[in-house]
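Subject: Structure handover and notes

Dear colleague,

I am passing on the structure we talked about, and I would be glad if you could read the notes beside the coordinates. The sequence and the model come first.

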Amino acid sequence: MVKTMTPSRLKLAARLQGMGASKTLEITARAKALVAKGYDVAIFAAGEPDFDTPEHICQAAIAAIKAGHTRYTAVAGIPELREAIARKFKLENGIDCDPGRVIVTTGGKQAIYNLLMAIVDPGDEVIIPAPYWNSYPAEVKLAGGIPVFVSTWPEGGYQINPQAIEKAMTPRTKAVILCSPCNPTGAVYEPKDIDAVAQACSDRGIYLVSDEIYEYIVYDAQVSSPARRFPDVSVTLNAVSKTYAMTGWRIGYATGPQEVIDAMAAIQSQSTSNATSIAQYAALAALTGPPMEQARQIFRERRDLMVGGLNDLGLKTPLPQGAFYALADTRSIDPSDVNAAQFLLSEAKVAAIPGSAFGAPGYMRFSYATDTTTIARGLERMREALRKRG
Ligand SMILES: Cc1ncc(COP(=O)(O)O)c(C=O)c1O
């Protein structure tokens with residue numbers, strides 16, 4: 001008989017303490033389980049476009065398989081893709097970039113993970129504007145670092161305050177992470193504010209991490225890359241996931257100072273090696289193919305419907321300038337956002353994410369990356385559930 005050890009002798013690593021699975025994926029799974037049971041659920045939880053990956057991108061992947069591109073690639077990615085990314089950074093973002101300073105990763109998430117593993121020592125502080133995308137603090141902690149949050153406010157459209165960020169800098173500060181357009185607030189930071197933060201980072205020798213994954217999904221604002229003027233401290237992260245409806249293909253990419261990109265590649269070489277060869281060819285077709293202009297207009301219509309509807313329900317929601325999320329004040333439903341989310345899921349069959357997952361207790365994030373019929377139906381059901389509750 002196999003002898004088993006008592007559970008108490010088996011211990012997981014201390015770095016996992018306090019780490020839960022991604023709340024976003026958890027709620028989406030619960031909503032999908034309800035759908036599987038036959039319920040009609042309006043799902044405003046997921047962080048992915050509802051379009052299919054464009055046909056020319058899928059065809060490029062099929063061609064890659066047929067051409068035998070099914071083996072290991074260079075750790076940092078196939079040369080053609082790194083060249084296309086460097087060209088994109090230069091032309092679209094004004095970043096002086098050569099292919100040797102580009103790494104291709106398994107989704108944007110791995111770019112952030114590689115980067116934080118490469119730059120954060122135990123006890124280092126990383127400044128993150130709040131509300132924030134929940135993986136930033138989780139990954140900072142995994143690397144042994146300490147997330148330091150600097151609040152942004154709905155009254156100010158969730159814009160960053162460079163002075164407040166500068167005030168939070170200490171001798172232990174290793175990096176500042178900016179995400180513009182921002183998940184979960186939809187804020188697009190003013191170029192002058194991004195540059196002011198970059199200047200403060202440059203003055204003190206602090207990395208500025210710029211997550212630009214939603215750069216194409218902007219409405220009436222202008223996106224700006226800090227690496228354009230501050231290449232010495234900036235690391236730019238991006239992915240094809242949101243722009244080209246390619247979340248499942250898992251291709252992210254980054255550029256930054258040479259030693260940082262080399263360190264990220266060293267970490268990747270010992271964890272996942274290269275991103276999937278076939279998906280790299282698909283990403284090449286995405287980056288060299290037609291722009292996804294139409295998506296922006298579609299998201300704008302959905303945004304207006306969602307934000308208008310939430311405000312009509314008395315759930316104060318500033319108009320997002322980018323990405324496909326709206327952060328609503330749901331304290332009138334329940335002071336606890338977790339209770340409010342449960343109420344909406346059980347009574348209105350509407351799934352959205354409690355804001356505490358993003359450092360915004362009392363608020364909920366509604367993703368409008370879904371069709372207008374679903375948005376209208378969800379809002380109507382919320383109205384009905386709130387009316388019944390009185
Ligand atoms: C702000 C932000 N950065 C990065 C990612 C990671 O994207 P992926 O790993 O799917 O490319 C996401 C996904 O939700 C995100 O919202």
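The notes below take the ligand first, then the salt bridges, then the backbone and the surface.

Please keep in mind throughout that this is a predicted model.

The ligand is surrounded by 14 residues, and the closest of them are G108, D211, Y214, S241 and K242. By character, this shell divides into six nonpolar, four polar and four charged residues, and the element that gives the most to it is helix α4 (residues 107–119), with three residues. Several polar atoms of the protein lie at short listed distances from oxygen atoms of the ligand: a polar side-chain atom of S241 is 2.6 Å from one, a polar backbone atom of G108 is 2.7 Å from one, and a polar side-chain atom of N183 is 2.8 Å from one. On its own the ligand has 390 Å² of accessible area, of which the protein covers 92%.

Turning to charged pairs, the structure holds 17 salt bridges. In one of them, the side chains of R381 and D40 meet with an N to O distance of 3.0 Å. This pair links distant parts of the chain, since R381 sits in helix α12 (residues 372–389) while D40 sits in the loop between α1 and β1 (42–43), 341 residues apart. D40 has a relative accessible area of 39% and is therefore partly exposed.

A further salt bridge joins the side chains of R204 and E166, at 3.2 Å from N to O. Here too distant parts of the chain are linked, with R204 in helix α7 (residues 191–204) and E166 in helix α6 (residues 162–167), 38 residues apart. Both partners are partly exposed, R204 with a relative accessible area of 41% and E166 at 34% relative accessibility.

The side chains of K192 and D193 also meet in a salt bridge, at 3.4 Å from N to O. Its partners fall into separate classes, because K192 has a relative accessible area of 58% and is exposed, whereas D193, with 11%, is buried. Elsewhere, D121, D124, R172 and K174 are joined into one network by salt bridges that share partners.

The backbone has some features that you may wish to look at on screen. The peptide bond from A130 to P131 is cis, with omega near -5 degrees, and P131 lies in the loop between β3 (125–130) and α5 (135–142). Another cis peptide bond joins N183 and P184, with omega about 20 degrees; P184 is placed in the loop between β5 (173–179) and α7, and N183 is the residue already named for its side-chain atom 2.8 Å from a ligand oxygen.

Positive phi values outside glycine occur as well. R250 has a phi of about 65 degrees and is found in the loop between β7 (234–239) and β8 (252–255), where it counts as partly exposed at 31% relative accessibility. For S273, phi is near 60 degrees; this residue lies in the loop between α8 (258–269) and α9 (277–288) and is partly exposed, with a relative accessible area of 27%.

Finally, on the surface, L12, L16 and M19 make a nonpolar patch of about 290 Å². M19 belongs to the segment before α1 (23–36), and its relative accessibility of 31% makes it partly exposed.

With best wishes

Methods. Residues are numbered from 1 along each chain as its sequence is written. This is a predicted model: local features need pLDDT of at least 70, side-chain atom pairs count only at pLDDT 80 or more; totals for chains, interfaces and linings use all residues. Side-chain values use heavy atoms; hydrogens and water are left out. Patches are made of residues with over 30% relative accessible area and no salt bridge: like charges are joined within 9 Å, nonpolar side chains (Val, Leu, Ile, Met, Phe, Trp, Tyr) within 5 Å. Accessible areas come from the Shrake-Rupley method with a 1.4 Å probe; for residues, only the protein chains shown count as cover. A salt bridge is a side-chain nitrogen of Lys or Arg within 4 Å of a carboxyl oxygen of Asp or Glu. Helices (H or I, at least four residues) and strands (E, at least two) are DSSP runs, numbered from the N terminus. Buried means under 20% relative accessible area, exposed over 50%, partly exposed in between (1.4 Å probe, protein chains only). A residue is near a molecule or strand if one of its heavy atoms lies within 4 Å of it. A polar contact is a pair of N or O atoms within 3.5 Å; within protein, one must be able to donate a hydrogen and the other to accept it, and residues adjacent in sequence count only if both atoms are side-chain atoms. Ala, Val, Leu, Ile, Met, Phe, Trp, Tyr, Cys and Pro count as nonpolar, Asp, Glu, Lys and Arg as charged, and the others, Gly among them, as polar.
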